[in-house]
Amino acid sequence: MSDDVASEILGRVGMITITRPDSLNAVTFAVVERVARQFETWCSEGSVDGVVVSGTGDRAFAAGADIAELQGKSVADMIDTGMQHWLTRIRESPLPSVAAVSGFAFGGGCELALACDIRLATPTSKFGLPELGLGIIPGAGGTQLLSRYAGISVASYHILTGRPMSAERAHQIGLVSEIHEAAAIREAAIALVEAMAAKGPLALRLAKRAIRASADTSLAAGLEVELLAQAALFGTDERAEGLAAFVEKRTPHF
């Protein structure tokens, strides 16, 4: 990758770390593109079972976008190559992902965390979308994803006022799944990926699609996706092994 983004594989877990401590890990367009492309590389290679995304240090996961870079962007730039394109590719990746949020996750950093399947936080973490104070809006998924995950009223409060959300509040409303001390959050995120990897691999991918459909479609359409995904699994060796292992009281071998 680049000096701004580090990647490594631990066992079968892909680790992506934003390494821009001098700017509190502020994300540039290139950083978000590199993160998304690393997801795609690992997915095509089949080299990992899931991905953990974090920021270097304890002060910030990613404290927003690079404001100087935004000043140079045009209308066409934002339409054609905006961060939303790359974050959507992360969100739609077949690989399950965990954002290990230590410290601030503001602006584009918050939207990067929202693009992951699961978010962990530390007690001092804060989530925020302060873009209106800059004369712009959260444009990389923030208005849509926060509304779906936290509800329109909560999203309106935080987006329209710019006030950040504490880790405790984020956990209360389900935006954050677990809170861990900074020294333990990386290991907790790895353990989550490993727990997901122990499940049926095709079932995991189809479950991700069905869950995403719940936010992207009507209830009737989402239920149809779920029905078809479940029916498809009943024609696989994976389903046969999973049910047989349960009956035989052993660990399945997927």
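Where in the chain does Ile 136 lie? In this predicted model, Ile 136 is found in the loop that runs between β8 (126–128) and α6 (142–150). This briefing considers a nonpolar surface patch to which Ile 136 belongs, and then turns to the salt bridges, of which the count comes to 8.

**The nonpolar surface patch**

- Ile 67, Leu 134 and Ile 136 together make a nonpolar surface patch of about 260 Å².
- Ile 136 has a relative accessible area of 37% and is therefore classed as partly exposed, since this value falls between the 20% limit for buried residues and the 50% limit for exposed ones.

**Salt bridges between distant parts of the chain**

- Side chains of opposite charge can pair when their charged atoms come close.
- A salt bridge is formed by Arg 12 and Asp 49, whose closest N and O atoms are 3.0 Å apart.
- This pair links distant parts of the chain, the two residues being 37 residues apart. Arg 12 belongs to the loop between β1 (5–10) and β2 (13–18), whereas Asp 49 belongs to the loop between α1 (29–45) and β3 (50–55).
- Arg 12 is partly exposed, with a relative accessible area of 38%, and Asp 49 is also partly exposed, at 26% relative accessibility.
- Asp 117 forms a salt bridge with Lys 208, and here the closest N and O atoms lie 3.0 Å apart.
- The pair of Asp 117 and Lys 208 again links distant parts of the chain, with their positions 91 residues apart in the numbering. Asp 117 is in the loop between α5 (108–115) and β7 (118–121), while Lys 208 is in helix α10 (residues 201–216).
- Asp 117 counts as partly exposed at 31% relative accessibility. Lys 208, by contrast, has a relative accessible area of 11% and is therefore buried, because buried means under 20%.

**A salt bridge within one helix**

- Glu 33 and Arg 37 meet through their side chains in a salt bridge, at 2.9 Å from N to O.
- Both Glu 33 and Arg 37 lie in helix α1, where they are 4 residues apart, about one turn of the helix.
- Glu 33 is partly exposed at 28% relative accessibility, and Arg 37 is partly exposed with a relative accessible area of 41%.

**A salt-bridge network**

- Glu 241, Glu 248 and Arg 250 are joined into one network by salt bridges that share partners.

Technical notes
Residues numbered from 1 in each chain as written. Predicted model: local features only at pLDDT ≥ 70, side-chain atom pairs only at ≥ 80, totals over all residues. Heavy atoms only, no water. Patch = residues over 30% accessible without salt bridge, like charges linked within 9 Å, V, L, I, M, F, W, Y side chains within 5 Å. Areas by Shrake-Rupley, 256 points an atom, 1.4 Å probe, with all protein chains shown as cover. Salt bridge = Lys/Arg side-chain N within 4 Å of Asp/Glu carboxyl O. Buried < 20%, exposed > 50% of the residue type's maximum accessible area, 1.4 Å probe, protein only.
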